[in-house]
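Please look over the sequence and the structure shown here before reading on. The report below goes through selected features of each chain in turn.

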Amino acid sequence: MVTFAGFYYDGHTAAQRPVSVTLTDSELLEVRGEGLVLDVPCADAEFEPPIGTRPRRVGLPGGASLEVFDHEGFDTALGAAGLGRAGRTDTLAHALERHWGAVLVGVFGLVAGIGLLLYVGLPWAAERAVPYVPHSVDAQLSAGAVEFLDEATEPTELPEERQQALVDMFDGLAAQVPTGEHATPTLVLRKGGKAFGANALALPDGTIYLFDELVELAESDDELRAVLAHELGHVAHRHALRALLQDSAAAAVMLGVLGDVNAASSLLATLPSTLVQAGYSREFEREADAVAFRWMREYQVPESRLRDLLRRLEKQHGGDGEGGPTNWLSTHPATEERVPGKD
Amino acid sequence: MEASPELPPELPPEFPPGPPPLPPAPIVEPLRFTGSGAEYFRIWIVNLALSILTLGIYSAWAKARRLRWFHGHTQLAGSSFAYHGDPVAILKGRLIAAALLAIYVVAGHIDPMYALAVLGVLALAGPWLIVRARMFTLRMSSWRGVRFDFDADYAGSYREIGGALLLAVLSLGLAFPWFVYRRWRFVISRSRFGAQPFSLGADSGPFFRVGYLTLLVGMLATYGAFFVLGIVLAGVMFASGGGQPGPAFQFVFILVFAVVLLPLQLGIGAYYQAGILNSVYGTTTLGPHRLHCRLRAGALFKLYFTNTLGILLTLGLYTPFAQLRMARMMAGALAVEFDGDPAGLAASDRQQSGALGEEISDAFDVDVGL
């Protein structure tokens, strides 16, 4: 028979009555206080599971309850009577919480798990999900991008014959680089202007934008074909769609992990998302590069063509190709990493 | 009693000597938070790990554990609070919320107009959602065995909150403090402890004052920051001879930008939050009893800032400590002034008749940030 101190609440008013509670050998809860004599069979009482060191509670019939701050006394009483049954989930959680070893394992496991999820799980899932996305989505995404690009850029200033030659060259290339049935490769020539400069873009439905500035920077048609093969690689692997799926999922995961805190979280949730998204982008660039290299090997175009063009591009933008400390923020891998090799 | 005092000869003997006894002075009971960071960190980690392992299903049980722990470690006048939320009801609400979010995201990618439509539907359901969210949270909480309550006044919600929101939109935001006031007044006046309703004493004045001051200071400070940073950027670009700044410089610039804007945003947020909460909780009454709230904007700002820094530097592991410090600050700012024995507060008829059980079974927790 163990006695512990607690407070009794009758469930009808907010009156607090100090009581002493005894757990008898016959599994009876004897509650004694000033003007209060209550005997409750343990079977009729609900012992709430422990969570950390919050006060213990016992639900009594009729809406009454006990609140116990005397943890030791309470646990001894329950232990002696062989009680203290709690839901299995609560017991597991409580056991894990009590041991710092389990907690530390949990911390490392968590960080590793989230990292794995973001950099392996989500990309894998996105790749598997993409074939199920209807082609109309590619068309709609591209339509939206085309509207924006038409406004942000100006008509091409290349001479007519050059334009035709480029289109013919592209059609020949498109026959050599398979892109799948969701896309119809089409070349669009525009002037990149302030917004884009020397650049090329691939839209999900197979529309490739090639800007005048890049055409002028290139020193041979082989260089242009290498870049366009890279862009067709983006289309073939459906990177735009995968990026969309991965980015949304990554944002959702970060929100789920950090979501519960108030003012700070919205600001912080976007930062990891940005880093993760930049990481995905670099992966896609590598995949597109792989398509370009495969094509170059098959059609005997030397790899130096792509390297030379990329180096020239880099120089124009004021970099040195090595990457440096801002590499993890940039959307493309460092040029040296993309096309390694000596001059 | 040794000897009865000598009565002045004029007073008849029935009258007691001396002035009449004063009524007992009201007792001010501060809220106390007794939870420790070390303990909660372990609970938080296990919650998170199990939630991820079960792909989110356990998160409902995790939420119940977390709230039980926070409630249990919050004490008023020697008794702790209790949370009775059923994890299954919480799970139902979360699944519904997740489905809505998925629809919103997918719709948004197909066509931004669809996303707008989904938001529109959610906005229309706003007042209804507010009532359900409050109902669940309050009815699942109790103190000294008496449950809190919330009147299911959906019509009132649309009338008072919806109407005020409409006014705010029509006035292009000028009437936004009015909307904030009406929302708080609705939520407070429909809330109950047992059978006794709460009441908001403040009028709309403090809301306008805090709202406009925040806006003014916020705008001035933000423009000031942009101005200064713009000058710095121009100066550097000029000094380096024009041309595109390299990626390293861009990165540093963004960093400095964030470092200046972050404290600004947190400071404005802290000032606003402290002002509003003090006006609301500081004037709330429960029958003869009343609440006190004394949040200090400076202290709140320091809390926001250190919490943000902590979470950032520890890749999120500081989150439980941040939550805990927030709870501790709120508890430290709140107190209840009891005029008489709280025993006079009775439970609602619903609770006394035991009808709560049936309601809980078809309730679902609306887990939206309202």
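## A nonpolar patch and its surroundings

In this predicted model, the residues B:Ile96, B:Leu100, B:Ile103, B:Leu119 and B:Leu122 make a nonpolar surface patch of about 410 Å². Two helices of chain B, α3 (87-110) and α4 (112-139), each supply at least two residues of this patch, and the largest share, three residues, comes from α3(B). One of the patch residues, B:Leu122, has its place in helix α4 of chain B. Because its relative accessibility is 32%, and because buried means under 20% while exposed means over 50%, B:Leu122 counts as partly exposed.

## The barrel of chain B

In chain B, ten strands close into a barrel in the order β1-β2-β3-β4-β5-β6-β7-β8-β9-β10, with antiparallel pairing. On average, and with direction ignored, neighbouring strands of this sheet are turned by 30 degrees against each other. Helix α4(B), which also contributes to the nonpolar patch, packs on the sheet, where it touches β3 (79-83), β4, β5 and β6 (191-193) of chain B, and its direction makes about 175 degrees with that of β5(B). Another helix of chain B, α6 (residues 176-190), lies across β5, β6, β7 (196-200) and β8 (284-286), and it runs at about 160 degrees to β7(B). Within the barrel, strand β4 (residues 141-143) and strand β5 (residues 146-150) of chain B run antiparallel and are joined by two bridges, and here B:Ser142 stands opposite B:Arg147 in β5(B).

## Chain A

Chain A contains twelve helices and eleven strands, and of its 343 residues, 43% count as buried. Among the contacts in chain A with a separation of 6 or more, 56% are between residues 24 or more positions apart. The chain exposes about 17000 Å², of which carbon and sulfur atoms supply 57%.

Strand β1 (residues 2-9) of chain A has antiparallel pairings with β2(A) and with β7(A), and the table sets these out beside the β4-β5 pairing of chain B.

| Strand pair | Residues | Bridges |
|---|---|---|
| β1(A) and β2(A) | 2-9 and 17-23 | seven bridges |
| β1(A) and β7(A) | 2-9 and 65-68 | three bridges |
| β4(B) and β5(B) | 141-143 and 146-150 | two bridges |

Which residues stand opposite A:Phe7 in the two neighbouring strands β2(A) and β7(A)? In β2(A), A:Phe7 stands opposite A:Pro18, whereas in β7(A) its bridge partner is A:Glu67.

Note on methods: Residues are numbered from 1 along each chain as its sequence is written. Chains are lettered from A and ligands numbered from 1 in the order in which they are written. This is a predicted model: local features need pLDDT of at least 70, side-chain atom pairs count only at pLDDT 80 or more; totals for chains, interfaces and linings use all residues. Side-chain values use heavy atoms; hydrogens and water are left out. Patches are made of residues with over 30% relative accessible area and no salt bridge: like charges are joined within 9 Å, nonpolar side chains (Val, Leu, Ile, Met, Phe, Trp, Tyr) within 5 Å. Accessible areas come from the Shrake-Rupley method with a 1.4 Å probe; for residues, only the protein chains shown count as cover. A salt bridge is a side-chain nitrogen of Lys or Arg within 4 Å of a carboxyl oxygen of Asp or Glu. Helices (H or I, at least four residues) and strands (E, at least two) are DSSP runs, numbered from the N terminus. Buried means under 20% relative accessible area, exposed over 50%, partly exposed in between (1.4 Å probe, protein chains only). Two strands pair if DSSP finds at least two bridges between them. Axes are lines fitted to C-alpha atoms, for helices over the stretch in contact, and angles run from 0 to 180 degrees between N-to-C directions. Contact means heavy atoms within 4.5 Å.
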